[in-house]
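Let's take a walk through this chain together, from its overall layout down to a few individual residues. Keep the viewer open as you read.

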Amino acid sequence: MRNTPLKKQLIESNCNQQNIYSYRKIDLPIAIYPNQLDTLLSTKFSFKSLNVANAIGIDEDIAKYVHQLDTYKLAPSLDRRIELIERLQKINQRVNVASLEISAVAAEMDCEEERAAQIAVYLKRKEDEAETKFTVGSIIIGAVGAVTAGVLLANGNDDNLPEIIGIGAGLAEASLGLMILTNKRKVEFHHTRNALKDIWEGQDSSTIFPAPVWYYLNYYDSNNVEQPSFRYQIIDRWMNFGQISVAKRKRKRDLIDVYFGLGGKYTSEQLFNRANMLDELEAYINLMKQDLKGLALELENLNQ
């Protein structure tokens with residue numbers, strides 16, 4: 001490929017704006033479960049809202065806010081009103097920062113998806129152009145062979161030359177047909193920063209996903225086996241929808257090495273597949289924003 005911008009896009013990505021996270025397992029929020037919640041909170045908030053509040057580190061502030069609000073309603077005062085406003089501002093500020101953080105991660109996934117899809121479209125277009133040429137060539141060879149053999153027969157040619165021409169044309173057509181079937185181009189596509197790898201391996205922490213998002217994607221309640229973690233659901237979709245699951249074990253191993261490694265040789269189909277995997281991951285990350293929105297609405301309803 002002589003296109004310099006295309007070469008650059010194959011080798012490196014500008015989707016990450018230096019958001020490299022550094023934390024350990026002990027830095028992640030401690031998981032909460034429905035049967036452990038204070039009834040004062042569980043009657044006012046959904047579990048999704050409380051879990052996302054725990055993920056972004058405002059669970060204690062929300063508990064204090066609810067207590068202060070109940071106290072204020074029983075005995076209103078200016079000081080208590082000011083304390084309420086300050087507490088709510090702190091909560092809202094953290095919600096806004098978390099929302100921006102989630103959007104940044106989702107934007108990186110979307111950018112990587114577009115990067116893979118663009119290369120896939122380019123490859124597919126080249127394959128289609130070659131397939132068109134092979135198809136036209138096959139038609140021309142078949143037509144020329146048939147016409148030539150027909151002319152020779154019409155002129156009373158008694159030797160086996162028409163048959164030889166027919167066989168030759170048939171072989172040429174078969175060769176072009178085989179070239180159409182095997183017309184799969186590959187490119188070296190690199191991704192040293194690989195979000196799919198983090199999801200696949202499921203380490204204690206991630207340099208790509210901030211701690212709240214990593215907690216959210218990995219959270220699960222062992223008492224509710226019918227609701228596995230989002231990370232598990234993502235992998236399950238990859239397997240069940242044929243994005244990784246293939247008949248031959250070696251082929252499957254090769255796909256895993258390409259998708260979840262530093263990169264390698266991709267076909268257009270595999271690049272489209274990678275784009276779809278990133279799209280699914282982005283969708284699950286955006287679910288966290290929905291839960292944040294639900295939390296904000298429930299907070300707002302407390303004051304009504």
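Helices here are DSSP runs of H or I with at least four residues, strands are E runs of at least two, and both are numbered from the N terminus. With that in hand, A283 is easy to place: it sits in helix α11. We'll come back to that residue after a look at the whole. One thing to keep in mind throughout is that this is a predicted model.

Start with the big picture. The chain has eleven helices and two strands. If you trace the order along the sequence, you read α-α-α-α-α-α-β-α-α-α-α-β-α. The chain runs to 304 residues, and 38% of them count as buried. On the outside, about 17800 Å² is exposed, with carbon and sulfur atoms supplying 54% of that area. How do the contacts spread along the sequence? Take the contacts between residues at least 6 apart: 74% of them join residues at least 24 apart.

Now for the covalent link. A disulfide is a covalent bond between the sulfur atoms of two cysteines. Searching the whole structure turns up one of these. The partners are C15 and C111, whose sulfur atoms are 2.1 Å apart. The torsion about the S-S bond is -70°, making the link of C15 and C111 left-handed. This pair ties together distant parts of the chain, 96 residues apart: C15 belongs to the loop between α1 (4-11) and α2 (39-42), while C111 belongs to helix α5 (residues 78-154). Are the two cysteines buried or exposed? C15 has a relative accessibility of 9%, so it counts as buried. C111 comes in at 27%, so it counts as partly exposed.

Stay on α5 for a moment, since R115 is also in that helix. R115 counts as buried because its relative accessible area is 5%, and the cut-off for buried is under 20%. Which residue can you use to see a long-range pairing here? Try L271: R115 and L271 are 156 residues apart in sequence, yet their C-alpha atoms are 9.3 Å apart in space.

Next, look for enclosed space. The search gives one cavity of 30 Å³ or more. The largest cavity holds about 50 Å³ of space. Its lining is made up of E108, M109, E112, R193, N194, A195, L196, R274 and L278. The elements giving two or more residues to that lining are α5, α7 (195-201) and α11 (268-302). Helix α5 has the largest share of the lining, with three residues. Sorted by class, the lining has four nonpolar residues, one polar and four charged.

From there, move on to α8. Why call this helix largely enclosed by the rest of the structure? Seven of the eight residues of α8 (residues 211-218) are buried, so the surrounding structure largely encloses it. Those buried residues are A211, P212, V213, W214, Y215, Y216 and L217.

Helix α9 (residues 230-240) has buried residues too, namely F230, R231, Q233, I234, I235 and W238. What covers them includes α7, α8 and α11. That brings us back to A283 in α11. A283 is 49 residues from I234 in sequence, and the two are 9.9 Å apart in space, C-alpha to C-alpha. With a relative accessibility of 44%, A283 counts as partly exposed.

For the last stop, find strand β2 (residues 263-267), where K265 lies. Is K265 buried or exposed? Its relative accessible area is 52%, and exposed means over 50%, so K265 is exposed. Setting aside neighbours within four places in sequence, K265 is in contact with K186, V187, E188, V258 and Q270. R185 is another residue to pick out: K265 and R185 are 80 residues apart in sequence and 9.5 Å apart in space, C-alpha to C-alpha.

How values were computed: Residues are numbered from 1 along each chain as its sequence is written. This is a predicted model: local features need pLDDT of at least 70, side-chain atom pairs count only at pLDDT 80 or more; totals for chains, interfaces and linings use all residues. Side-chain values use heavy atoms; hydrogens and water are left out. Buried means under 20% relative accessible area, exposed over 50%, partly exposed in between (1.4 Å probe, protein chains only). Contact means heavy atoms within 4.5 Å. Accessible areas come from the Shrake-Rupley method with a 1.4 Å probe; for residues, only the protein chains shown count as cover. A disulfide is a pair of cysteine sulfur atoms within 2.5 Å. On a 1 Å grid over the protein atoms alone, a cavity is a set of points where a 1.4 Å probe fits but cannot get out, and a pocket is an open set with protein on both sides within 12 Å along at least five of seven lines; lining residues have an atom within 4 Å of a point. Grid points are joined across faces, edges and corners, and a volume is the space filled by probe spheres set on the points. Ala, Val, Leu, Ile, Met, Phe, Trp, Tyr, Cys and Pro count as nonpolar, Asp, Glu, Lys and Arg as charged, and the others, Gly among them, as polar.
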